[in-house]
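Hi there,

Here is the structure I promised to pass on, with my notes underneath. Have a look at it first, and then see whether the notes help you find your way around.

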Amino acid sequence: MDSSLITADSFIHRLSEGRMNSSSSYTVNQDVILNVENITWELGIIKNTIFTRNVSIYGEVNSGLVFHNCTFNAGIIFRGITSENYSHNINDSNSVISFYDCKANNISFADGCNLQRGITISEHSVVEKVMYYNSSLKGTFKISGSEISNLFDINLSKITSLIIQSRSTVKSLRINSLIGDISLLKSTFTDNVNLWNVEIQNSLTLNYNTFEDTFEIKASKISAFNLHGDTFKKKARLENRFDNAQVRETYLNKLYLTDVNLIEGFEFDGMGKELLELKLPITTSFAGVLRFIGWKIKSTNISGINQNLKLIFTNTLFEKLTFNDFSNFANVTFDQSGANQDSDEETFIIAANTDFGNSKFNEFNFNSFDFINFSNTSLNDIVTINVIWFDESKIRIDSLVLNSSKSFRRIREVYRQIKQSLISQGNQIDSLEFKAKEMRAYRNELNAIDKEGGKYSLPDKIIMKVNQTNNYGLSWWKPVWITLLLTLAFYIIELPLFSKKINYTPATNWEDLSTTLCEFWNNFDVYWQMLNPARKFSSVYGYNDIAFLYFLDFLHRLILGILIFQIIKGFRRFSSK
């Protein structure tokens with residue numbers, strides 16, 4: 001269709017009469033200035049118009065301007081515009097300024113624009129630059145199904161909601177000092193995305209976008225950050241700190257990630273600040289490297305099946321760390337982390353229906369948590385390096401009564417799995433610690449079975465008592481002093497049987513007592529010979545045919561052999577096998 005050439009004055013006159021809203025095509029070859037003197041319409045609708053020169057709009061725009069299929073070769077700028085007289089009855093689109101299927105060198109808003117409704121760029125519009133400076137928008141700035149071929153720049157502004165959606169393409173997105181929510185939905189960003197000093201009062205939402213270059217957030221206040229189905233082809237980073245005197249406070253309160261593809265990784269650097277809630281429902285499409293550094297996280301919830309994600313927590317302090325229906329077949333690492341001991345609330349790790357796989361715990365402080373609760377959890381393949389393990393008093397199992405046989409059986413299984421994991425890593429010392437904990441849990445289980453009316457036989461009780469003599473293989477000194485004291489007791493009992501001067505009759509005077517003490521000392525070399533389980537009877541006791549002495553000697557040798565074996569077992573923690 002041929003385009004009619006008109007002047008700027010003719011354009012303004014036609015617009016005031018509503019004659020730019022037609023199927024006719026026009027070309028305006030002069031600068032166009034719209035201001036309070038010539039804005040006489042309630043709603044300006046402009047179609048099929050090419051502006052070869054600058055278009056500038058000032059002042060009150062009433063119920064707004066709508067551009068259909070227009071071209072701005074030199075761009076369009078809105079300076080200090082307002083919409084105090086907006087009427088929903090006249091313009092029900094909730095957008096004061098709208099561009100549909102338009103092309104522009106640039107679209108700019110500056111000098112304190114204050115709009116009561118939104119701004120829309122949609123329907124395959126192509127704009128080289130969109131700039132929004134030092135202005136306020138009580139509505140949504142929406143880019144829908146359109147392209148910004150160079151730069152979308154927002155600076156020192158307040159926008160209720162910024163939305164880029166519906167397969168829009170933006171080369172570079174730069175946002176400095178913005179107050180408002182941001183939603184990026186099903187769009188592509190071909191160059192870097194930078195957000196600095198952004199205050200998100202409700203949510204920063206990313207859904208099914210593709211970021212082909214770097215993505216960075218710094219010095220911002222974010223109430224909630226939600227990511228779902230996005231692809232980051234280059235490195236992404238959120239740094240939770242201010243970097244000059246302009247920004248004195250930063251925070252990230254809630255973070256939710258799922259189905260995100262992090263090809264070169266996404267790093268969240270907390271700078272020692274608090275994160276109220278972290279949710280990671282992991283799926284098979286959740287891939288790449290996700291790293292958290294220096295956070296104090298109040299509530300962490302990890303669930304799902306991890307097949308392709310490398311998840312790393314470094315220098316992170318947890319308050320409530322929960323794993324629910326989680327299976328790890330990839331890489332999960334906790335590095336130099338533990339509980340936030342400055343928290344006023346109870347700190348814990350809860351894992352239910354979870355398989356940790358080969359999760360790595362490097363210098364992780366389990367003992368810093370107030371309690372640890374495992375339910376149907378596999379720890380067989382975990383990898384631990386320089387870990388501070390939890391005390392036995394901190395382990396809990398479901399909501400079971402802790403003194404029930406079922407609870408002790410589950411506790412024993414936890415210790416067994418950790419023991420096996422440590423053995424497979426060659427950690428002999430810590431594996432013996434958990435072997436001892438496993439045996440203590442088994443002893444408690446048997447005692448509980450006995451109280452519940454089950455069978456705890458005398459031979460089993462004897463075996464468990466014997467195993468306690470060296471703290472289940474952890475102590476060699478304990479069986480040593482037991483051996484010395486028990487041998488002394490046997491020596492005192494046997495002394496009247498091989499002595500010629502005393503018997504089992506109680507002493508009736510000081511002379512009898514003196515004789516007993518002298519015999520005790522004079523024959524004390526027998527005590528040292530009794531410490532040899534392979535001793536010859538006659539060389540220790542002389543020629544003596546008292547049967548009871550033979551019985552006591554046999555019983556002592558039996559006990560002594562067992563205790564010597566317990567001493568040897570106590571040294572295993574310092575040996576290679």
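**What I found**

Let me begin on the surface: I493, Y504, I546, F548, F551, F554, L558 and I562 make a nonpolar patch of about 770 Å². Please keep in mind that this is a predicted model.

**The patch and helix 9**

Which element gives the patch its largest share? That is helix 9 (residues 547-570), with five residues. F554 is one residue to look at here, as it sits in helix 9 and is exposed, with a relative accessible area of 54%. Since the cut-off for exposed is over 50%, F554 earns that label because its value is 54%.

The UniProt record adds something to this. Its unreviewed entry carries the annotation "transmembrane region" for residues 474-493 and 547-568. In the model, residues 547-568 are 100% helix and 0% strand, and the C-alpha atoms at the two ends of that span lie 32 Å apart.

**Helix 2**

Helix 2 covers residues 405-424, which makes 20 residues. From its first C-alpha to its last it reaches 28 Å, close to the 28 Å expected at 1.5 Å a residue. Its buried residues are S405, S407, F408, I411, V414, Y415, Q417, I418, K419, S421 and L422. When you look at that list, it helps to recall that an α-helix has 3.6 residues a turn, so residues three or four places apart point the same way. Just after helix 2, G426 takes a positive phi of about 80°.

**Parallel strands**

Now to the strands, starting with strand 29 (residues 287-293). Is strand 29 mostly covered or mostly open? It is mostly covered, as five of its seven residues are buried. Strand 29 pairs in the parallel sense with strand 27 (residues 261-269) over six bridges, and also in the parallel sense with strand 31 (residues 308-314) over seven bridges. G288 is a handy residue for following this arrangement: it is the bridge partner of L262, and its own bridge partner in strand 31 is L309.

Strand 20 (residues 204-207) can be traced in a similar way. Four bridges join it to strand 17 (residues 169-185), and the two run parallel. Another set of four bridges joins strand 20 to strand 23 (residues 221-228), again running parallel. For individual positions, L185 has N207 in strand 20 as its bridge partner, while L204 stands opposite F225 in strand 23.

**Salt bridges**

How many salt bridges are there? The count comes to 18. As background, side chains of opposite charge can pair when their charged atoms come close.

One of the salt bridges joins D269 and R237, at 3.1 Å from N to O. This pair links distant parts of the chain, with D269 in strand 27 and R237 in strand 25 (residues 236-239), 32 residues apart. Both D269 and R237 are buried.

E267 forms a salt bridge with R291, and here the closest N and O atoms are 4.0 Å apart. This pair also links distant parts of the chain: E267 is in strand 27 and R291 in strand 29, 24 residues apart. Are the two partners buried or exposed? E267 is buried, with a relative accessible area of 13%, whereas R291 counts as partly exposed at 31%.

If you colour the charged residues, you can pick out the wider arrangement: R237, E239, R241, E267, D269 and R291 are linked in a network of salt bridges.

Elsewhere, R19 forms a salt bridge with E17, with the closest N and O atoms 2.7 Å apart. R19 is partly exposed, at 36% relative accessible area, and E17 counts as partly exposed too, at 45%.

**One more residue**

Finally, please take a look at F189, which has its place in strand 18 (residues 188-189). F189 is buried, with a relative accessible area of 0%. F189 and F286 are 97 residues apart along the chain, and their C-alpha atoms are separated by 20 Å.

Happy to go through any of this with you.

Best wishes

Conventions: Residues numbered from 1 in each chain as written. Predicted model: local features only at pLDDT ≥ 70, side-chain atom pairs only at ≥ 80, totals over all residues. Heavy atoms only, no water. UniProt positions renumbered as here; feature names shortened; annotations may be inferred. Expected span 1.5 Å × (residues − 1). Buried < 20%, exposed > 50% of the residue type's maximum accessible area, 1.4 Å probe, protein only. Patch = residues over 30% accessible without salt bridge, like charges linked within 9 Å, V, L, I, M, F, W, Y side chains within 5 Å. Areas by Shrake-Rupley, 256 points an atom, 1.4 Å probe, with all protein chains shown as cover. Salt bridge = Lys/Arg side-chain N within 4 Å of Asp/Glu carboxyl O. Pairing = 2+ DSSP bridges.
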